[in-house]
Amino acid sequence: MELRGYGVLVLAFVVFAVSGCATQEQLAMESPPEGTGVVAKYLVGVDDTLSVSVWRNEELSVSAIVRPDGIITVPVIGDVVAAGRTPEEVASDIRERLSKYIRSPQVAVSVTGLVSNAYLTRVRVTGAVTQPVSTAHRPGMTVLDAVLEAGGLTEFASPDKARLYRKVDGKVKAYPVFLKQILQKGNLSTNYRLLPGDIISIPERTF
């Protein structure tokens, strides 16, 4: 009877261990959706710097910072609403209003100083890293790139309990990141490519 009980205990332990591995594998398969990190269209915001160019009319061309009220000032026509619009929409508005003074004006508007969306496009690493960081997103940036930029893990880190937090369809979702597998075993299956706004959190070990 004792041997039978011991056998049941061993079997239960094996089942628990296997189920634990399956859970980790299942979590690893829950990969975040891929993306290019490129917005469909850029909307001008407060503090952005716009360059307004009117072809063959240098006196009407201007570089202007979008004021807190969302407006820039253009020679001849005065105030133009810029915030919340694409550069093309701002150019179209200026073109239409200048047409009262100039025949068929050709207007181009470009963003030369991007400030309003700077924090929306950053990647952040928090928790048990040498130096938590908030860094600008760069195309091709991965989890490992961001963690190394944060100075790597501390001795108290629990690397395989790291999580990547990403906003998907308006909701923040968490995805497991097995940093120990990445750093020590070269398993890059969870070395995800990052998108603007991603947050990587590495908890400390519980003693």
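**Exercise 1. Classify the burial of aspartate 93 and describe its salt bridge with arginine 85.**

Solution. Aspartate 93 has a relative accessible area of 18% and is buried, where buried means under 20% relative accessible area, exposed over 50% and partly exposed in between, computed with a 1.4 Å probe on protein chains only. Arginine 85, at a relative accessible area of 21%, is partly exposed. The side chains of these two residues, arginine 85 and aspartate 93, meet in a salt bridge with an N to O distance of 3.1 Å, the term standing for a side-chain nitrogen of Lys or Arg within 4 Å of a carboxyl oxygen of Asp or Glu. This is a predicted model, in which local features need pLDDT of at least 70 and side-chain atom pairs count only at pLDDT 80 or more, while totals for chains, interfaces and linings use all residues. Residues are numbered from 1 along each chain as its sequence is written, and side-chain values use heavy atoms, with hydrogens and water left out.

**Exercise 2. Find which parts of the chain are tied together by the salt bridge of aspartate 79 and arginine 67.**

Solution. The distance comes first: the side chains of aspartate 79 and arginine 67 meet at 3.7 Å, N to O. Aspartate 79 belongs to strand 4 (residues 78–81), whereas arginine 67 sits in the loop between strand 2 (62–65) and strand 3 (71–74), so the pair ties together parts that are twelve residues apart in sequence. Helices (H or I, at least four residues) and strands (E, at least two) are DSSP runs, numbered from the N terminus. As to accessibility, aspartate 79 is partly exposed at 40%, and arginine 67 is partly exposed at 29%. Finally, Arg67, Asp69 and Asp79 are linked in a network of salt bridges.

**Exercise 3. Locate the salt bridge of aspartate 198 and arginine 166, and describe the open sheet of five strands.**

Solution. The closest N and O atoms of aspartate 198 and arginine 166 are 2.6 Å apart. Aspartate 198 lies in the loop between helix 4 (179–185) and strand 10 (199–202), and arginine 166 in strand 8 (residues 162–168), so that distant parts of the chain, 32 residues apart, are linked. Both residues, aspartate 198 and arginine 166, are buried.

Turning to the sheet, its five strands follow the order 7-6-10-8-9 with mixed pairing, two strands being paired if DSSP finds at least two bridges between them. Strand 7 (133–136) and strand 9 (171–177) stand at the edges with a single partner strand each, so one side of each has no neighbour in the sheet. Strands 8 and 10 run antiparallel and are joined by three bridges, and leucine 164 stands opposite isoleucine 200 in strand 10.
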